[in-house]
Each structure stands twice: as structure tokens, then as C-alpha cells.
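Open the model in your viewer and keep the sequence panel visible. The stops below are given in the order in which to select them.

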Amino acid sequence: MKAQLVEKFRATYGRAPEICAYAPGRIEFIGNHTDYNGGTVLGAALDRGVWVALAGRADARRQWASDQRSTRVTSRAEDGAKRTGAESWVNYPLGVLAALPEFGVAAPAGFDFLAMSNLPSGAGLSSSAAIELASALAFLEMAGARLARETVVKIGRHAENHFVGVPCGILDQGVSGFGQKNKLVWIDCRGPIFAMVPLPAAAHFWIFNTHTKHALVDGLYAARHRECMTAAEALGVGLLVETNGAALTAAEANLAPESARRARHVVEEIARVAAARTALEGDDLVAVGRLLTASHRSSQLYFENSTAELDFLVDALVAAPQVFGARLTGGGFGGAVMALTSAAFGEIEAHAVAAAYREKFGATPEILHAQTGDGAALI
Ligand code: ADP
Ligand code: MG
């Protein structure tokens with residue numbers, strides 16, 4: 001991909017890039033909306049992501065191109081204002097630049113920028129974190145700053161929280177930054193503390209991207225964030241991670257029903273992450289699969305971040321004997337479903353699920369037999 005990136009940069013800007021970086025997308029394995037509640041998550045970096053190429057300019061002009069966009073965006077270093085409409089994709093790298101001074105690094109002034117991707121965007125596979133981390137590595141290199149991986153992760157999250165305006169936790173950027181092939185990244189989001197959990201060799205991932213995305217998805221994400229904070233407050237804790245199932249049951253009668261449902265999802269999901277880690281370490285994919293499906297049922301029932309399309313895919317997948325478990329992956333409200341399967345699940349089975357989906361919804365989901373991959377790096 002590096003050769004294609006350099007080639008495309010030359011075709012776009014008429015010269016070679018000086019810096020190239022890559023960051024992967026990720027699967028939220030289990031740990032749905034737990035990160036900003038101070039809980040734990042397990043994610044896997046994919047072998048797909050976003051590449052960024054960069055070359056400095058003597059003037060303060062900034063040019064932004066992406067293989068996903070037909071027109072180039074231009075801006076100037078002194079105007080770092082948020083972009084709107086068709087130019088709003090630039091807010092991800094622009095947000096990284098806005099974050100740099102917070103981390104003691106002066107943002108580079110003028111440059112030519114190109115993004116390339118082989119990751120579906122808006123599917124819940126975190127192309128946003130991938131473009132943020134690849135941009136962060138490239139800009140930091142241009143600024144001559146060498147920062148710890150954890151700081152690069154925090155810069156990406158800062159961009160998404162404070163510039164793009166999505167109050168996401170550390171999951172997306174943490175997994176994109178720390179991922180390793182054949183491993184899951186476990187994150188205790190309060191630290192944050194990162195640890196690697198080996199992925200059993202018999203595990204396979206299949207992703208079904210519905211290409212549905214609720215128009216209000218960012219607003220719904222923010223609403224769930226707010227509802228969790230309201231629930232924590234009603235329970236007398238700072239974050240939902242500080243309570244547990246028994247305390248929640250005891251307090252439930254005094255909570256607004258919506259707060260009780262949101263808290264139930266988060267508290268039980270945090271327990272499922274711990275159980276999934278233990279089951280993975282014991283090579284027990286059947287137990288892991290049950291936890292994944294239980295996570296989805298909780299999304300349906302308590303967190304209300306699933307959709308008819310996602311539910312249909314989960315139901316169709318878990319009916320197949322080669323599937324250990326399935327769940328929505330990412331924030332929800334559309335996007336993708338992930339299935340954990342044995343090697344016996346193949347193209348035939350995947351296409352049967354897709355055909356049943358097409359029958360019902362009149363559209364074909366995109367199928368990815370996803371492989372894990374390594375985390376963000378200069379290339
Ligand atoms: P997800 O992170 O699940 O893919 P988001 O809505 O958080 O979904 O982020 C998707 C957005 O990230 C896109 O709409 C686009 O603005 C931006 N983006 C991601 N990858 C690229 C890319 N290669 N080129 C341009 N913009 C990108
Ligand atoms: Mg995202």
C-alpha cells in the first residue's frame with residue numbers, strides 16, 4: 001500500500017511525500033459503551049486502515065486530499081476553524097493539529113496531505129480513529145516530536161472529543177494505537193492501562209456492514225453518554241464503573257427506568273468483558289461467543305442502540321452452528337455486526353446470511369472476513 005500511497009501523492013501534488021503513516025481500524029470485540037463509563041473493553045486492530053502521506057510547504061497553505069473525496073480542500077495555517085458539509089472530513093486531522101499544543105507540540109504550518117483507506121468508513125470500525133492516529137503520527141514526525149504511544153492515542157481522542165465533538169472514550173484510539181496481530185487489546189479505561197490478550201488460533205471474525213447509519217448517530221451517541229452520566233449521578237457515583245449489579249438492583253426502584261436500563265447495560269457489560277478475558281485465556285470460544293451474544297441482547301433491551309437490521313444479522317448468525325456468538329460492533333444505531341466463528345464458517349455460510357438479509361431489507365450487506373493486524377506506525 002505504501003507504493004500506491006506515494007504514487008497517489010505524486011499524482012495529486014506532483015512531488016514525493018516526506019512522511020507516511022498508517023493506523024488500523026478496529027473491532028469492538030466486547031465492551032459496548034463501557035469506555036467513557038470508566039470500564040474495561042476488549043478490541044482488535046484490523047489489517048485494514050487509513051494511510052496518510054505528508055510533505056511540508058514553505059508557505060502557510062494546507063492542502064487536503066483523500067481517495068474517498070473527489071475534491072481537494074485548502075486552508076491556511078492561521079485558520080484552523082472547523083469545516084462543514086463536504087469538507088467536514090478534514091476536521092479529523094484538523095482536530096489533531098488543534099490538539100498538539102495541548103500536548104506541548106507546535107503544529108506544523110503549511111503542508112500537502114493525502115489520506116488513503118481500505119476500511120469502510122461510518123461502519124463502526126473506527127475509520128475516524130484510524131485517520132486521527134495516522135495523521136497524529138505524521139504531524140508529530142513533521143514537528144520533530146517523539147511521543148509515547150499512549151500520548152499519540154490521547155491526541156487522537158482529544159481531536160475526536162474536543163474538535164469533531166464526539167464524546168467517545170479511549171477504545172477506538174487505544175486499539176488502533178496498541179493493536180497487534182493475533183492479539184486483542186484489553187483496556188482499563190480509567191488508567192488507562194493497556195494489556196494484550198492472545199486470540200485463540202481457532203477464532204475467526206466475520207463482519208457484516210449494513211451501510212445503515214442513523215442520521216443522528218453522533219447525537220444519539222452523545223445522548224447515551226449523557227444518560228450514563230445521569231444514571232451515575234442518581235446512583236451516587238462519579239462513573240458507572242464504580243457501581244455493581246447488586247448495588248444497582250438495590251437502587252433500581254428509585255431510578256428513572258431509562259437510567260436503570262442504561263446502567264444495567266454498562267454494569268453487566270463490564271462484567272462480561274472480565275468473563276470474556278478469562279474465557280479467552282482458557283481458549284473457551286463457546287463461552288466467549290455466549291458473552292458476545294449476551295452483549296448484543298443487552299444492547300437491544302437495555303441500551304437501545306441496536307436496529308432491526310443489526311438484530312436480524314445477529315439472529316441469522318447465531319442460528320448457524322459454526323458461529324460462537326455475534327453482536328453489533330461499535331457505537332450502534334446502524335453500522336456493522338461482528339461474528340466470532342470457527343474455521344468451518346466460510347463464504348457459503350456468509351453469503352447465505354447476506355441473502356436472507358437482502359430478502360428482508362432489499363440491500364446487501366458488505367462482508368469482511370476480517371484479520372487482525374498491527375497498530376499505528378510510521379511506514
Ligand atoms: P467510523 O469511525 O465508525 O468509521 P465515524 O463517523 O466516526 O465512523 O467516522 C467516519 C468519518 O471519518 C468519515 O465520514 C470521514 O469524515 C472520516 N474519514 C475516515 N476515513 C477517511 C478517509 N480515508 N478519508 C477522508 N475521511 C475519512
Ligand atoms: Mg468513529
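This is a predicted model. Start by selecting residues 204-213, strand β8, together with residues 334-341, strand β10. The two strands run antiparallel and are joined by 7 bridges. Within this pair, show Phe205: the residue opposite Phe205 is Leu340, in β10.

Next, add the neighbouring strands. The open sheet has 4 strands in the order β9-β10-β8-β11, with antiparallel pairing. At the edges are β9 (323-329) and β11 (366-370), each of which pairs on one side only. Look along the sheet for its twist, which averages 20 degrees from one strand to the next.

Keep the sheet on screen and select residues 285-303. This is helix α9, which packs on the sheet and touches β9 and β10. The direction of α9 makes about 35 degrees with that of β9.

Now move to helix α4, residues 149-164. Pick its two end C-alpha atoms: they are 21 Å apart. That agrees with the expected span, because 16 residues at 1.5 Å a residue should give 22 Å.

Which residues of α4 are buried? Colour Val152, Val153, Ile155, Gly156, Ala159, Glu160, Phe163 and Val164. In an α-helix, residues three or four places apart point the same way, because there are 3.6 residues a turn. To see what covers the buried residues of α4, add the surrounding elements, including α2 (91-99), α3 (127-142), α5 (171-178) and β7 (193-198).

Finish at Gly165, just after α4, where phi is positive at about 95 degrees.

Definitions and conventions
Residues numbered from 1 in each chain as written. Chains lettered and ligands numbered in written order. Predicted model: local features only at pLDDT ≥ 70, side-chain atom pairs only at ≥ 80, totals over all residues. Heavy atoms only, no water. Expected span 1.5 Å × (residues − 1). Buried < 20%, exposed > 50% of the residue type's maximum accessible area, 1.4 Å probe, protein only. Contact = heavy atoms within 4.5 Å. Pairing = 2+ DSSP bridges. Axes fitted to C-alpha atoms, helices over the stretch in contact; angles between N-to-C directions.
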